[in-house]
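Please explain how this structure is built, beginning with its sheet and continuing to its nonpolar cores.

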Amino acid sequence: MKSTDGRKTNHAAWTCTWGDDHRAEVVHAMDADSARRSCDGYADGYGDIAVKRSPQFDGLSGAELTRAQMADGWQMPCTDCEHELYGWGRYDGDDEIHAEPFVRPCGAVYCDRSCYLAHARRLGRYAGNRVGVMIDATERWPGIEIVHVIGSAYSGERPGGPVGQVRLRFPGGRYPATWGRGDRHVYVAQCDAAAWREYAASIPTKDAP
Ligand SMILES: [Zn+2]
């Protein structure tokens, strides 16, 4: 019953609504109870889930479903930015921008094509930063084992902002240390300070990355 791949779904469509701000999902299910159950996870802590049969969404998924929802008066957030989108467009402050939202085949909706491209670039940068920080860490600190990578999608957009960090185990250390891409310093547990100095002294000197 996933509505992400453009395939027709067999079951009936239901609109589940919950919370003070009327969050809602369209789900395809055999009956109202199973529709409600499939939204339990989202609505946890927001009170009761109201379920309404929505024949106008029967068999729709992906972009078709998103377009039908917007034609039905739904308001949806842009996948990339903070704008709330309507079938006719969006507000920018008090101004109405009449521009049909850009809907991807999977159903994700954006203000327009440029919001979609910005999102795609950010995802690419995020992946690049994750790989980049692993490569840099491995070259800079021989013999380490990377235990966790924290990527960042935002390098270049926030000057001085994080561009990816790794948690790494180093020879002789008891706890993982933290190193950010381009950082001169490594953050180590207090009890590991001596072990780090010893490890760092053992690295052949070369230019810092
Ligand atoms: Zn947007």
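The following paragraphs describe the sheet, the helix beside it and the nonpolar cores.

The model is predicted. A convenient place to begin is an open sheet of three strands, arranged in the order 2-1-3 with antiparallel pairing. In general, the strands of a sheet pair through backbone hydrogen bonds, in either a parallel or an antiparallel manner. Strand 2 and strand 3 (50-53) occupy the edges, and each has a single partner strand, so one side of each lacks a neighbour in the sheet. From one strand to the next, the twist averages 25°.

The pairing of strand 1 with strand 3 is antiparallel and extends over four bridges. Within this pairing, Thr17 has Ala50 of strand 3 as its bridge partner. Helix 1 packs on the sheet and touches strand 1, strand 2 and strand 3. The direction of helix 1 makes about 135° with that of strand 2.

The nonpolar cores may now be considered. In soluble globular proteins, nonpolar side chains tend to be buried together. The largest nonpolar core here holds 15 residues, of which Trp14, Cys16, Val27 and Ala35 touch the most other members. Two or more residues are given to this core by each of strand 1 (12-18), strand 2 (23-29) and helix 1 (32-43).

Trp14 merits separate attention. Leaving aside residues up to four places away in sequence, Trp14 touches Val27, Ala29, Ala32, Ala35, Val51, Lys52, Arg53 and Ser54. A second core, separate from the largest one, comprises eleven residues, including Val133, Trp179, Val188 and Tyr199.

Conventions
Residues numbered from 1 in each chain as written. Predicted model: local features only at pLDDT ≥ 70, side-chain atom pairs only at ≥ 80, totals over all residues. Core = buried A, V, L, I, M, F, W, Y, C linked by C-beta atoms within 7 Å. Buried ≥ 20, exposed ≤ 12 C-beta atoms within 10 Å, placed from the backbone. Contact = placed C-beta atoms within 7 Å. Pairing = 2+ DSSP bridges. Axes fitted to C-alpha atoms, helices over the stretch in contact; angles between N-to-C directions.
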